[in-house]
Amino acid sequence: MTSPRSYFEKAWSDHVITSIDGETDLVYIDRLFLHELTGASTLRQLEAARRLPRRTNLVFTTIDHVIDTQEGRTKNQSPARTGSRLIEETRAAAERYGFHLFDVGDSRQGIVHVISAELGIALPGLTVVCGDSHTCTVGGIGALGWGIGSTESEQVLTAQSLAVRRPKSMRVTVSGSVGNGIAPKDVVLSLIRKIGVNGGIGSAVEFSGKAIQEMEVDGRLTLCNMTSEFGAKYGFVPPDDKTIHFLAGREFSPKERAWDQAVDHWRSLASDEDAAFELEVCLDCSDLEPQVSWGITPQHVVSIGERIPDPRSFDDMDVRAEATRAVDYMGLSPGTAIEGLDIQAAYIGACTNARLSDLRDAARILTGRRVAESVVAICVPGSMKTKADAEAEGLDIIFKAAGFEWHDAGCGLCGHMGNDRLQGKRVISTTNRNFVGRQGLGTRTHLASPATVAASAVVGSIADVRKLPAGGLTP
């Protein structure tokens, strides 16, 4: 009898070429994704070393990080000072080596972590790497995805393998059913609040429980996207019927007989009933309220009905010092209610929450309403396919009628890539990071779900989405 094994142990062992020592394995890599911000330097290193890529058919490239998202953009248009050069270098190298390229103007172009699942490039049980910390997003469909550096990317290009330290195993069990107006973003923000930004350091995190079983794949992608925000390297939901339905018919998904074989394999990867985990975390979301960040890390979170904490309430001196910096930078006073805090901008986009279901959630709130005059509101779909699908449903008309700008796909204003439109503003955002200056110099970012962002844009202040019925009139 073999010992019970977790999903991670099964998928990991499938990829071990050899053990280097007691803690590190040489692991086969199934997919490498490159984007222009980090991919350009990887490709320069490759050429400087006069090496050639080993499996060009397993390398995928997109233009997403520094490309302008304004509709009508040109092929190299970028707000970043060096953006056009990075785009041109990456495009030229992809064409030279024959990598898959999702370029500006391609209907499949979009944010790497959105299109990798959307196109069926990332699949259950596959190892997927990219020069980006949010590669763990693809764990939402059961892939093992993690971020790597440019030197490691070069190694994958030339050897199709990486030496990787085996992580600790961690299971997060999310019990209960979420209530009305509660999104996967609220679940993961609540989790990070509970365990802290270091709660999963060095871990491979399996999400399980009733709430995860009920969660659609788009929501699982959001959940896994923010795994990196509590320090874990991998986050995943083992594949189930929802995963299989999601992947069926995707461009790069297996076809015909290969599909049936793949599905059989994916089903075999589920964690055995008695599989052991080194760390266990439980989160009951039965009474969960909408969550909003108040500070400068994703663990600085409160429920919509709560108030900004007093830094003096924290016993740990380091935590207290960070909380003090947070309230100072965010321009907040302890004891202030988070609901009703005035905002100057609302942003829906990024690899966290810019999929079709996210846009639908926001549109349900925006229907028949207008954004407050004091608010700049921007929506950047995660991919051009998502944008096209949204437009086919008329969601773009709802967003525009409400006063939102409607953009082309890209990372946009998630990070400060040279565009200063949010500089100095208080922004409620569907992004994943609220670090100092993340969205621009002096920008103060509050993380929230798409529906909460839409509701706040309408009210002009951070709002409880449950108080705005879907499709109502302007309050």
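**Pockets, cavity and sheet of a two-domain model**

The lining of the largest pocket draws on both parts of the chain, with at least three residues coming from each of domain 1 (7-279) and domain 2 (293-467). The structure analysed is a predicted model. An assignment of domains divides the chain into domain 1 (7-279) and domain 2 (293-467). The C-alpha centres of these two domains are 24 Å apart. Across the boundary, 41 residues of domain 1 are in contact with 46 residues of domain 2.

The volume of the largest pocket is about 980 Å³, and 46 residues form its lining. Those nearest the centre of this pocket are Glu216, Asp218, Ser357, Asp358 and Asp361. Two or more lining residues are supplied by each of the helices α4 (112-118), α6 (184-195), α7 (210-214), α8 (217-225), α9 (241-247), α12 (356-366), α13 (384-392) and α15 (450-459). Of the contributing elements, α12 gives the most, with seven residues. By class, the lining of the largest pocket comprises 20 nonpolar, 11 polar and 15 charged residues.

The second largest pocket has a volume of about 240 Å³. Its lining consists of 16 residues, and Glu206, Phe207, Ser208, Gln213 and Pro238 lie nearest the centre. Strand β10 (203-208) and helix α7 are the elements that give two or more residues to this lining. The largest share, three residues, comes from β10. Nonpolar and charged residues number six each in the lining of the second largest pocket, alongside four polar residues. Helix α7 is thus listed among the contributors to the largest pocket and also to the second largest pocket.

Enclosed space was examined next. One cavity of 30 Å³ or more is present in the structure. The volume of the largest cavity is about 120 Å³. It is lined by 15 residues, of which Thr69, Pro79, Gly412, Leu413 and Asn419 are the closest to its centre. Seven of the lining residues of the cavity are nonpolar, six are polar and two are charged. As with the lining of the largest pocket, the lining of the largest cavity takes at least three residues from each of domain 1 and domain 2.

An open sheet of five strands, paired in parallel, has the strand order β5-β4-β3-β6-β7. Its edges are formed by β5 (100-102) and β7 (144-147), each of which pairs on one side only. From one strand to the next, the twist averages 20°. Strand β6 (residues 127-130) runs parallel to β7 and is joined to it by four bridges. Within the sheet, Val129 stands opposite Trp146 of β7.

Two helices lie across strands of this sheet. Helix α3 (residues 83-97) lies across β3 (31-35), β4 (59-62) and β5, and runs at about 145° to β5. Helix α5 (residues 150-159) lies across β3, β4 and β6, with an angle of about 130° to β3. Strands β3 and β4 are therefore crossed by α3 and by α5.

Note on methods. Residues are numbered from 1 along each chain as its sequence is written. This is a predicted model: local features need pLDDT of at least 70, side-chain atom pairs count only at pLDDT 80 or more; totals for chains, interfaces and linings use all residues. Side-chain values use heavy atoms; hydrogens and water are left out. Two strands pair if DSSP finds at least two bridges between them. Axes are lines fitted to C-alpha atoms, for helices over the stretch in contact, and angles run from 0 to 180 degrees between N-to-C directions. Contact means heavy atoms within 4.5 Å. On a 1 Å grid over the protein atoms alone, a cavity is a set of points where a 1.4 Å probe fits but cannot get out, and a pocket is an open set with protein on both sides within 12 Å along at least five of seven lines; lining residues have an atom within 4 Å of a point. Grid points are joined across faces, edges and corners, and a volume is the space filled by probe spheres set on the points. Ala, Val, Leu, Ile, Met, Phe, Trp, Tyr, Cys and Pro count as nonpolar, Asp, Glu, Lys and Arg as charged, and the others, Gly among them, as polar. Domain bounds come from an automatic or database domain assignment.
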